There are 2 protein chains.
Amino acid sequence: MTSGASSDRQASLTDVAELAGVSHMTVSRVVNGTGPVRAETRAKVMAAITKLDYRPNSAARALVTGRTGVLGVVALDSTLYGPASTLYGIENAAREAGYSVTISSVRAPQRSSISDAVEILRRQAVEGIVVIAPHLAAAEALDAVPKDTPLVAVGGGDAALPVVSVDQYDGARRVTEHLLALGHKTVWHVGGPADWLEARERERAWRDTLKRYDAKTPRVVRGDWSPRSGYEAGRELADAKELTAVFVANDQMALGVLRAFTEAGIRVPNDVHVAGFDDVPEAAYMNPPLTTVRQDFIEVGRRTFRVLAQRISGELEHGRLRDLVAAELIVRESTGPR
Amino acid sequence: MTSGASSDRQASLTDVAELAGVSHMTVSRVVNGTGPVRAETRAKVMAAITKLDYRPNSAARALVTGRTGVLGVVALDSTLYGPASTLYGIENAAREAGYSVTISSVRAPQRSSISDAVEILRRQAVEGIVVIAPHLAAAEALDAVPKDTPLVAVGGGDAALPVVSVDQYDGARRVTEHLLALGHKTVWHVGGPADWLEARERERAWRDTLKRYDAKTPRVVRGDWSPRSGYEAGRELADAKELTAVFVANDQMALGVLRAFTEAGIRVPNDVHVAGFDDVPEAAYMNPPLTTVRQDFIEVGRRTFRVLAQRISGELEHGRLRDLVAAELIVRESTGPR
DNA sequence: GACTAGATTGTTAGCGTTAACAATGGAGCC
DNA sequence: GGCTCCATTGTTAACGCTAACAATCTAGTC
């Protein structure tokens, strides 16, 4: 015997109309706030709505308006701090604007699986799609999506579509310069996977900066973003000669590097300086606290939604566009006084 | 001039039927594989579908069938490793079964905001809802949801609804016993927020175990899951007398504790043993590598979906149910030989 | 060769909503 | 007082799909 609901079927506009003694259109007007309705009538309708616990049928509404109010997000590894935070930012902004967000996560960064994910979302008639997959394969897959589907990418990529991202190049430039400014002859680099666009950008900035300062470029040791791979890279570096400064492409790998150095008896910052990228919540409490580059993922999410909304409304045409969020250098003990 | 598409409007069943020279029902049968269709006819229809790039209108389908094929997930802090992984597991299982997943993340763990999130999802006519919010407020909010909405909770909670979770109690019991077995007189505890059910379970198991072994129970220092709060707890503990072993309620806080101990000159494992909970990817590369309890979040996600699917299909009635995933103790150097 | 059963295809009627237009009523104006 | 205008409410027709039932056709049967 719950709040007045009698039938087991969800109440429809017509049910409400009948109970309130008006036409279903009047109810629709009350529900949507379209068109004028006398206060008295509105009250009757509202009462009926409450009594029947009426809630609009979104499918029927979508069918007739052609708008679903749903956005799709394709995420490559939604388990990582960066993508997860970005997703969170997008979802929040979207919800505030009345959209809901459907996710489609992708296990492997292959062209086909990314296409599949996009296809699944399109079949659900999402109004727009965000792809969080700063990966070469994604860039290719995205080129194949019809141009009339509003699409925005997060993170690197130079496909012919709008991209929102933290300024990877500038961030990496800053850390590298920071390290050089501390007096190091050069800076080593533990890079991310070569097919990740962000890894490329960070590495490119590192190379350019070394060149600009006439420092020689050591060989790059490469990981896969994971702490484990950072650890392995760290062991490899531990044997290197003239190693005094390392820029690691993300904080998780930096943790592994720190661990490897500790095992090898290399003291940070006394013997070697280490810096990361991301500023994950852990960074400030590593041993030692890690100098890194902060990425404001929430802001990225917000802006991504904004751009996507513009694509949906038609304010923005399909085409190349870059919205860069500034990167911030956070200096901590790992590059502190020796 | 793309693949045969002429009109700008999405093709409908009728358009395909017209082109193929059959009725729209025949097309529907081909698309859904319902009812018999002659091979020849099917071929004609398929050709027309391809030519027009037809894709079924999900809103129309949902309207007539009453099924949307959408599940909703409410997540409290989808940025953390645990919830993010669980979400990933759910989404994968759901997609395989033909469902898509809409998320609704919640900033603050308040009863009202959780109700709001659930309400938003219900308004979208999701077929079922998962709530990843092992929080007191969530338990309350969930009690208010109509019993006919298929609902499953992830993580603690003793509300009258199905709950899938890692066996927190057993996990915490294992670490505590592990530490006691190493010869410690007692084990200190850095707990999670008191209003988180998982924090309670872990603490309860710790208390019970100490009692069972006739060890005295030190006061609990409490954090908020973050590395920062772990660091503060660590500083507080550093002054404690007779401190030889600490069980920290999650790995992130454990990192903070380790950092604080290092600063205070307390050596782990030489002076004090430390253990965490979660087995995040970082745990194995902390300084020292962290003994912890592994939670198989992916498995939790999978099982959560399974239970929800049963609720939706009606196989499972609404009511109390617990599906526990076993916890695994992972021993590393932080509780190693001194 | 008519008859039956099953395979194959078609017809019709909604599902719950909004868009477009029509109808009604009262107030203000000359 | 009749007329115009606007506020308010109603009527009708889709939107694209599936369910239910009807119609047609084919092959096998006796």
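This briefing covers the protein surfaces around two DNA strands and some backbone features of chains A and B. The model is predicted. The surface near DNA strand C involves 27 residues, and the one near DNA strand D involves 26. Cis peptide bonds occur at Asn287(A)–Pro288(A) and at Asn287(B)–Pro288(B). Positive phi angles appear at Asp214(B) and Trp225(B).

**Around DNA strand C**
- Five residues come nearest to DNA strand C: Leu13(A), Ser28(A), Asn57(A), Ala60(A) and Pro36(B).
- From chain A, helix 1 (13-20), helix 2 (24-32) and helix 4 (58-65) each supply at least two residues of this surface.
- From chain B, helix 2 (24-32) and helix 4 (58-65) each do so too.
- By residue class, the surface near DNA strand C has 13 nonpolar, twelve polar and two charged residues.

**Around DNA strand D**
- Ser23(A), Pro36(A), Leu13(B), Ser28(B) and Ala60(B) are the residues that come nearest to DNA strand D.
- Helix 2 and helix 4 of chain A, together with helix 2 and helix 4 of chain B, give two or more residues each to the surface near DNA strand D.
- That surface divides into 13 nonpolar, eleven polar and two charged residues.

**Cis peptide bonds**
- In chain A, the bond between Asn287(A) and Pro288(A) is cis, with omega about 0 degrees.
- Pro288(A) sits in the loop between strand 9 (273-275) and strand 10 (292-294) of chain A.
- In chain B, a cis bond links Asn287(B) to Pro288(B), with omega about 0 degrees.
- The loop between strand 9 (273-275) and strand 10 (292-294) of chain B holds Pro288(B).

**Positive phi in chain B**
- Asp214(B) is not a glycine, yet its phi is positive, at about 55 degrees.
- Asp214(B) belongs to the loop between helix 9 (197-212) and strand 7 (220-222) of chain B.
- Asp214(B) counts as exposed because 7 other C-beta atoms lie within 10 Å, and the exposed class takes 12 or fewer.
- Trp225(B), also not a glycine, has a positive phi of about 85 degrees.
- Trp225(B) is placed in the loop between strand 7 and helix 10 (227-238) of chain B.
- Trp225(B) has 22 other C-beta atoms within 10 Å, so Trp225(B) counts as buried; the buried class needs 20 or more.

Key
Residues numbered from 1 in each chain as written. Chains lettered and ligands numbered in written order. Predicted model: local features only at pLDDT ≥ 70, side-chain atom pairs only at ≥ 80, totals over all residues. Near = placed C-beta within 6 Å. Helix = DSSP H or I, 4+ residues; strand = E, 2+ residues; numbered from the N terminus. Nonpolar A, V, L, I, M, F, W, Y, C, P; charged D, E, K, R; others polar.
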